[in-house]
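Here's a quick tour of a model, one chain at a time. Have the viewer open as you read.

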Amino acid sequence: MSTDAVPALELSRVDMHYGYVRALDQIDFHVMNGEVVALLGDNGAGKSTLLKVMSGAHRPTAGTITVHGREVEFHSPTDSTHAGIQMVYQDLALVDAQDIATNLTLGREILRKPPLGWLGFVDKKAQRKRSQAELDQLGVRTAAMTRPAEMLSGGQRQVVALARSATRVSGERNGVLLLDEPTAALGYEQTKQVEALIVRMARQGIACVLVTHNLPLAMEVSTRIVVLNRGRKYADVPTAKTDTDQLVGWITGARPSMFAA
Amino acid sequence: MIVPANPQGAVSLAPDDTAGAAPDEHTKDSFGIRALIFTRDRGLIVLWVVLILVFSIWASPFFAKWSNAVLIANAAALTATFAAGVGVGVMSGSLDISIPGTAALSGVVCGWLLTHHNPVAVALVVALVIGPVVGVINGLVTLRGFNPIIVTIGTLSVTTGLAAVVAGGYTIPGLTQLTFMGTRHYAGIPAPVWIVAVLFIVLTLFLTQTRDGIRLMSVGGNTEAVRRSGINSSRYRVIGFVISGFCAALGGLISTAVITSASPTADPGIIFTALTAVALAGVALSGGRGSLPRVLVGALILATISNALTIKGIQPYWGTVVTGLLLLASLGLEKGIEASVERRLMSAAQASVHSGKK
């Protein structure tokens with residue numbers, strides 16, 4: 001668990017221009033390990049753009065990105081993945097026909113002992129065991145490890161997708177999870193399950209950035225809230241020190257920016 | 001990498017996770033769900049067994065005999081080889097239409113090499129390599145963003161044309177050097193059946209037990225998910241084509257060996273028969289799912305039906321009709337089972353959400 005005071009991910013003075021449109025204007029943003037930062041804003045406020053910059057899908061026009069205090073440059077999502085940043089997508093995250101264990105181990109399979117290992121045979125039992133251990137570690141109970149992903153409910157799918165990303169960013173140095181509307185299309189119970197999981201992941205030292213339109217969700221799970229408004233940062237406050245009214249004010253622009261000169 | 005243990009977190013998490021959960025329920029599905037999944041996955045075998053029982057009575061006493069079983073297996077072998085190619089292609093996300101062309105080209109090249117006094121081993125290896133080569137070309141072109149069906153229609157044309165060029169437009173006869181893999185029997189079983197048995201065992205193990213095979217299936221199911229796992233998904237799409245090309249070349253060699261001559265004409269019927277077996281096996285054309293043993297059973301069902309009708313002296317055209325009806329009926333059955341599996345799982349999933357929350 002990294003408890004150092006260096007942010008897991010920090011963006012400073014990031015600009016993003018699409019032609020003449022300023023999608024992001026001098027954005028400073030950071031997230032510490034163990035923190036859940038909710039990124040709020042109306043449509044077109046720049047949330048998705050900021051997320052794309054963090055995940056390496058877009059390169060900012062100006063500004064710097066540092067990961068654990070080291071300056072980095074992302075040319076592609078693969079670069080950010082190597083730096084320990086994982087994006088959790090709303091859909092397309094799981095292979096339907098494969099079981100949970102296979103989905104969790106894809107890309108980091110456990111091979112059997114030689115000679116079968118030389119032929120690329122995987123040790124399915126060990127994979128199931130490790131997957132179970134990883135889900136247990138996150139306090140997640142979904143279904144049997146041998147259950148195909150297509151036979152999971154929406155909530156279970158999302159939980160497995162989250163866990164999959166979480167296991168990829170945790171290690172000796174915990175990474176960053178980028179979550180885009182993780183509870184969209186989920187029912188009440190399932191939303192609660194996913195919320196609990198996000199809180200647990202953060203408690204284990206993973207830094208979480210949560211992009212959402214859902215104010216109650218943000219209030220429930222985040223430790224800090226950042227509000228964007230037309231490409232600018234309007235607010236950056238601990239969740240405990242704000243309320244829905246204030247946030248709505250910043251989101252709509254009715255309330256002046258905290259950083260207004 | 002496993003998350004480093006966090007005793008404090010684990011303790012604080014324990015109450016809401018493990019409350020009231022039997023440790024076994026944690027890792028195993030209930031019997032009902034497993035039974036339904038079994039029916040869904042193995043229904044075709046049940047159908048085949050039923051067919052065999054019905055035919056044993058209807059076409060007795062000639063049907064239910066060991067010698068007839070060997071006949072059926074032998075008749076199914078060629079279809080099964082091509083069906084393996086089509087099946088692996090479809091599972092990896094691309095329907096390979098070029099199979100008949102590749103088969104013709106490989107047979108003809110083998111025939112040409114043999115008639116020009118080359119050793120049998122050389123002829124076989126060269127002819128077999130043609131399959132993967134065509135596969136790599138199919139794969140690399142498809143990766144440029146073209147539809148695999150169109151691309152392989154193109155290579156079908158090219159390979160068919162090349163086969164005719166190599167053979168000078170005529171069938172190459174008298175290839176008796178290949179009878180060891182054609183009409184010869186080993187331990188009472190014809191050579192093509194042995195070849196198909198080995199092919200299916202190897203490919204099934206590959207697809208279900210090895211890292212590359214599982215990734216190949218996953219790419220067919222959801223390329224994005226695999227790519228996002230940091231895996232080079234393109235490679236696996238090419239591997240899919242390489243395997244289907246190999247099966248095509250192998251099938252071309254088997255048919256050349258059986259009829260001891262190499263015909264430069266590609267028979268597009270191969271694709272449709274193979275596709276019927278693949279569809280009977282419930283391999284989704286959208287890719288990512290399906291099992292090769294079931295494809296084998298699909299090919300065996302086709303051979304079983306035509307065999308029984310032949311014994312009863314019924315015109316073989318009826319075999320085609322019955323096969324078609326069977327395919328349509330199996331679709332209906334599959335849908336019914338799928339729906340009931342879903343219902344069962346839906347209630348199970350809801351139960352587990354609630355028990356998870358306590």
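## A helix pair in chain B

In which hand of crossing does α12(B) pass α13(B)? The crossing is right-handed, meaning that the near helix is turned clockwise from the far one by less than a right angle (anticlockwise would be left-handed). Bear in mind that this is a predicted model, where local features need pLDDT of at least 70, side-chain atom pairs count only at pLDDT 80 or more, and totals for chains, interfaces and linings use all residues. As for labels, residues are numbered from 1 along each chain as its sequence is written, while chains are lettered from A and ligands numbered from 1 in the order in which they are written.

Helices (H or I, at least four residues) and strands (E, at least two) are DSSP runs, numbered from the N terminus. The axes of α12 (residues 269-280) and α13 (residues 292-311) of chain B come within 7 Å and cross at roughly 120 degrees; axes are lines fitted to C-alpha atoms, for helices over the stretch in contact, and angles run from 0 to 180 degrees between N-to-C directions. That makes α12(B) oblique to α13(B) (under 35 degrees is roughly parallel, over 145 roughly antiparallel, 65 to 115 roughly perpendicular, the rest oblique).

## The open sheet in chain A

Over in chain A, six strands make an open, mixed sheet in the order β6-β7-β8-β3-β9-β10; two strands pair if DSSP finds at least two bridges between them. The edges, each pairing on one side only, are β6 (85-88) and β10 (232-238) of chain A. From one strand to the next, the twist averages 20 degrees.

Strand β3 (residues 36-41) of chain A runs parallel to β8 (residues 207-211) of chain A over four bridges, with Leu39(A) opposite Val211(A). β3(A) also pairs with β9(A), again parallel, over five bridges, and there Gly41(A) faces Leu228(A).

## Strand β9 and its hairpin

β9 (residues 224-229) of chain A is mostly covered, with five of its six residues buried. Buried here means 20 or more other C-beta atoms within 10 Å of a residue's own, with C-beta atoms placed from the backbone; 12 or fewer is exposed, and in between is partly exposed.

Six bridges tie β9(A) to the antiparallel β10(A), one partnership being Asn229(A) with Arg232(A). The two strands form a hairpin with two residues between them, and Arg230(A) in the turn has a positive phi of about 45 degrees.
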